[in-house]
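Please look at the sequence and the structure shown below, and keep both in view while reading. The report that follows takes up strand pairing, then burial, then a few details of the backbone.

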Amino acid sequence: MADDIEPIVKRRLQGANTDHLSRAIYTLSLVETREYSVVVFMLPRGAVLPLHDHPNMSVLFRVLRGAVHMRSFDWLGAPPTALPVFDGLLTARDPVVTIRPEGGGVVHSIAGAGEEGAVFIDYITPPYYMPPNYADCTYYAEEAAPTEQHPRRVRLQRMNPPPEVRMECLE
Ligand SMILES: [Fe+2]
């Protein structure tokens, strides 16, 4: 899969202003239909896609190149309380991560952790802004909210998109 996509990414990058590649998170939409979308993300080392969700969507996620540090949470019953699902490094050697509306890490952050950052791919169904959900992505701030029963419980509060997150679309 990575070998198929790399020439496309290179072709799209040709002639593009890449001065700010080191800071921005680049996205490249490969396919967009009413049923699903396939998007490649290029994350420089240290760049972070903060905690966000894909409401009522399913997402297949896989690293194509480099490494990411993913942290993910599932709601504990209903928002805003959640429990950690995963906190670790993922590379192209790891299997596809499946996130469903009801679990699998519905709220997650992804940081570029490889020497040269990371490239990963998302298959998202249904896509953002499409029926039946017309959903947008929400960002979350995390605060510890441990209980005796759930010492790793957190509270995830909705927040505005962080201004330091710069997403650049490669058309
Ligand atoms: Fe995501």
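In this predicted model, strand S5 and strand S10, which covers residues 154–159, pair in the antiparallel sense over 2 bridges, and within this pairing Thr81 stands opposite Arg155 in S10. S5, which spans residues 81–91, is also joined to S4 by 9 bridges, again with the strands running antiparallel, and here His69 has Leu89 of S5 opposite to it. S4, made up of residues 58–75, has a further antiparallel partner in S7, with 6 bridges between them, and one of the matched pairs is Arg71 with Ser109 of S7. S7 in turn is joined to S3 by 4 bridges in an antiparallel arrangement, where Val48 has Ala111 of S7 as its bridge partner. The table gathers these four pairings.

| Strands | Sense | Bridges | A facing pair |
|---|---|---|---|
| S5 and S10 | antiparallel | 2 bridges | Thr81 and Arg155 |
| S4 and S5 | antiparallel | 9 bridges | His69 and Leu89 |
| S4 and S7 | antiparallel | 6 bridges | Arg71 and Ser109 |
| S3 and S7 | antiparallel | 4 bridges | Val48 and Ala111 |

Taken as a whole, the secondary structure of the chain consists of 1 helix and 11 strands, and the helix comes before the strands when the elements are read from the N terminus. Of the contacts with a separation of 6 or more, 70% are made between residues 24 or more positions apart.

Turning to burial, 25% of the 171 residues in the chain are buried. The largest nonpolar core holds 32 residues, and those with the most contacts inside it are Leu43, Val63, Val68, Val107, Ala118, Phe120 and Leu156. S4 gives the most to this core, with 8 residues. Beyond the residues up to four places away in sequence, Val63 touches several others, among them Val68, Leu90, Ala118 and Phe120.

Is Leu51, a residue of strand S3, buried or exposed? Leu51 counts as buried because it has 23 C-beta neighbours inside 10 Å, where the cut-off for a buried residue is 20 or more. Although Leu51 and Val107 are 56 residues apart along the chain, their C-alpha atoms are separated by 6.0 Å. When neighbours within four places in sequence are left aside, the contacts of Leu51 include Val107, Ser109, Tyr140 and Leu156.

Some loops contain backbone details that deserve a careful look. The loop between S4 and S5 is the place of Pro80, and the peptide bond that leads from Pro79 to Pro80 is cis, with omega near 10°. In the hairpin of these two strands, which has 5 residues between them, Gly77 takes a positive phi near 80°. Another cis peptide bond runs from Thr125 to Pro126, with omega near -10°, and Pro126 lies in the loop between S8 and S9. Asn56, placed in the loop between S3 and S4, has a positive phi of about 55° although it is not a glycine. Because Asn56 has 13 C-beta neighbours inside 10 Å, it counts as partly exposed.

Finally, the confidence of the prediction should be kept in mind. The chain averages a pLDDT of 86, and 85% of the residues score at least 70. Over residues 17–21, however, the pLDDT is below 50, and this stretch has 3 contacts in the model beyond near neighbours in sequence. Where pLDDT is low, the predicted coordinates should not be read in detail.

Note on methods. Residues numbered from 1 in each chain as written. Predicted model: local features only at pLDDT ≥ 70, side-chain atom pairs only at ≥ 80, totals over all residues. Pairing = 2+ DSSP bridges. Buried ≥ 20, exposed ≤ 12 C-beta atoms within 10 Å, placed from the backbone. Contact = placed C-beta atoms within 7 Å. Core = buried A, V, L, I, M, F, W, Y, C linked by C-beta atoms within 7 Å. pLDDT = per-residue confidence, 0-100.
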